[in-house]
Amino acid sequence: MRIVSGIQPTGNLHLGNYLGAIRNWVRMQDEFTAQGHECLYFLADLHAISMPHTPADLAANTREMVAALVACGIDPDKSILFNQAQVPQHAELQWLLNGTARMGWLNRMTQWKDKAGKNREGASVALFTYPVLQAADVLLYQATHVPVGEDQKQHLELARDIAQKFNNDFATEAAPVFTLPDPIIPPEAARIMSLRDGSGKMSKSDPSDMSRINLTDDADTIMTKIKKAKTDPEPLPSEKAGLEGRPEAANLVGIYAAMAGTSIEAVLGEFGGSGFGRFKPALGELLVDRLAPINARFVDLRQDRAALDTILAKGASRARALAVPTLERAYAALGL
Ligand code: ADP
Ligand code: NA
């Protein structure tokens, strides 16, 4: 198996990014590489230019994201970790696939409709053709498996359609150019809500820093933020059903369960009947305990530009070595 997955580079990483995205990559890496499979993980910096962006921020966010990934457990020796922009074969293959992808297929993409909204005329062409780049991202490596959440299923379907049409039009059944990748359902990701308001998700764009735990927060900050997190006056229930209509309590219990690697039921088994006076310090200590090693590595690594550049350069070189043969075959198949 060869698993390929990408993530948009973002800065100001927080607990939601860790539990909702990064930790799944670490789990997949550990599980798949132990079985002898390959994991390719890339920073989708080429995708980032499909929306208005600030160049200096993009460069900084790419490095910051690499620092976070490595600090959280992505091992650049186990996984191939790189950014798209250093592997020009992504953009090259996208152009070749643009000849195969149909306007109608892209017009049907719900993310295009959502993101362009009513202003289609003002949207970048990249926003429209972004799913073709996503197809190139995985077909370039003959990926056999791609982890996709609900929102990305349609894009993986498109990648398969493009691969199939290309193979039909330009290759033989005996020697297809592209592998059709299968989806794998990633391990269930926690959805972490704001600490100030249980109905909005924890996000870097929330103006209140108290609403989130940042990966750069030290132990005191984490304890303070958990202590001040919004709650209600009731003790915790002993059954999961008792969390209904209590979004803040549900969020804190969910964070505890995700962080401890246990179930909501097990957390309530331990803390049901207790007030937040007991639960919050326990949650704060758990977070500090689990995040401290990540925080220490992250804070070190994010300022070590040379180390980050070396990681990315090595990853890109390994990725290019895998990409070139497929790209050459695609050129040849097209008569180029
Ligand atoms: P933000 O909402 O802070 O801007 P991004 O949109 O950059 O975060 O998300 C980066 C990744 O982190 C995505 O895979 C997203 O699903 C995940 N993520 C972001 N916030 C949360 C959250 N509160 N809970 C779970 N996952 C999250
Ligand atoms: Na966002």
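**View 1. Where helices α3 and α13 cross.** In this predicted model, the axes of α3 and α13 come within 10 Å and cross at roughly 85°. The two helices, α3 and α13, are therefore roughly perpendicular to each other. To find the contact, look on α3 for Arg-63, Val-66, Ala-67 and Val-70, and on α13 for Arg-305, Leu-308, Ile-311 and Leu-312. Sorted by class, the contact of α3 with α13 has 6 nonpolar and 2 charged residues, with no polar ones.

**View 2. The whole protein, for orientation.** Stepping back for a moment, you can find 13 helices and 5 strands in the protein. Its radius of gyration is 22 Å, close to the 20 Å that the globule rule gives for 336 residues, so the protein is as compact as a globular protein of that length. Along the principal axes, the C-alpha atoms of the protein fill a box of roughly 70 × 40 × 40 Å.

**View 3. Two domains and their centres.** The domain assignment divides the protein into domain 1, made of 2–190 + 305–333, and domain 2, which is 209–301. Taken over C-alpha atoms, the centres of domain 1 and domain 2 are separated by 33 Å.

**View 4. Where domain 1 meets domain 2.** Here 15 residues of domain 1 are in contact with 10 residues of domain 2. On the side of domain 1 that touches domain 2, at least two residues each are supplied by α1 (15–34), α3 (55–72) and α13 (305–333). You have already met two of these helices, α3 and α13, in the crossing of their axes at roughly 85°. The largest share of this side of domain 1, 5 residues, comes from α3. By class, the residues on the side of domain 1 that touches domain 2 are 12 nonpolar and 3 polar, and no charged ones take part.

**View 5. The surroundings of ligand 1.** Which residues are around ligand 1? Following the numbering, begin with Thr-10, Gly-16, Asn-17, Gly-20 and Ala-21, which are among them. Further along the chain, the residues around ligand 1 include Arg-191 and Ile-192, and also Lys-201, Met-202, Ser-203, Lys-204 and Ser-205. How many residues of each class does the shell around ligand 1 have? There are 6 polar residues in this shell, together with 3 nonpolar and 3 charged residues.

Definitions and conventions
Residues are numbered from 1 along each chain as its sequence is written. Chains are lettered from A and ligands numbered from 1 in the order in which they are written. This is a predicted model: local features need pLDDT of at least 70, side-chain atom pairs count only at pLDDT 80 or more; totals for chains, interfaces and linings use all residues. A residue is near a molecule or strand if its C-beta atom, placed from the backbone, lies within 6 Å of it. Ala, Val, Leu, Ile, Met, Phe, Trp, Tyr, Cys and Pro count as nonpolar, Asp, Glu, Lys and Arg as charged, and the others, Gly among them, as polar. Domain bounds come from an automatic or database domain assignment. Two residues are in contact if their C-beta atoms, placed from the backbone, lie within 7 Å. Helices (H or I, at least four residues) and strands (E, at least two) are DSSP runs, numbered from the N terminus. Axes are lines fitted to C-alpha atoms, for helices over the stretch in contact, and angles run from 0 to 180 degrees between N-to-C directions. Angles under 35 degrees count as roughly parallel, over 145 as roughly antiparallel, 65 to 115 as roughly perpendicular and the rest as oblique. The radius of gyration is taken over C-alpha atoms; the globule rule is 2.2 Å times the number of residues to the power 0.38.
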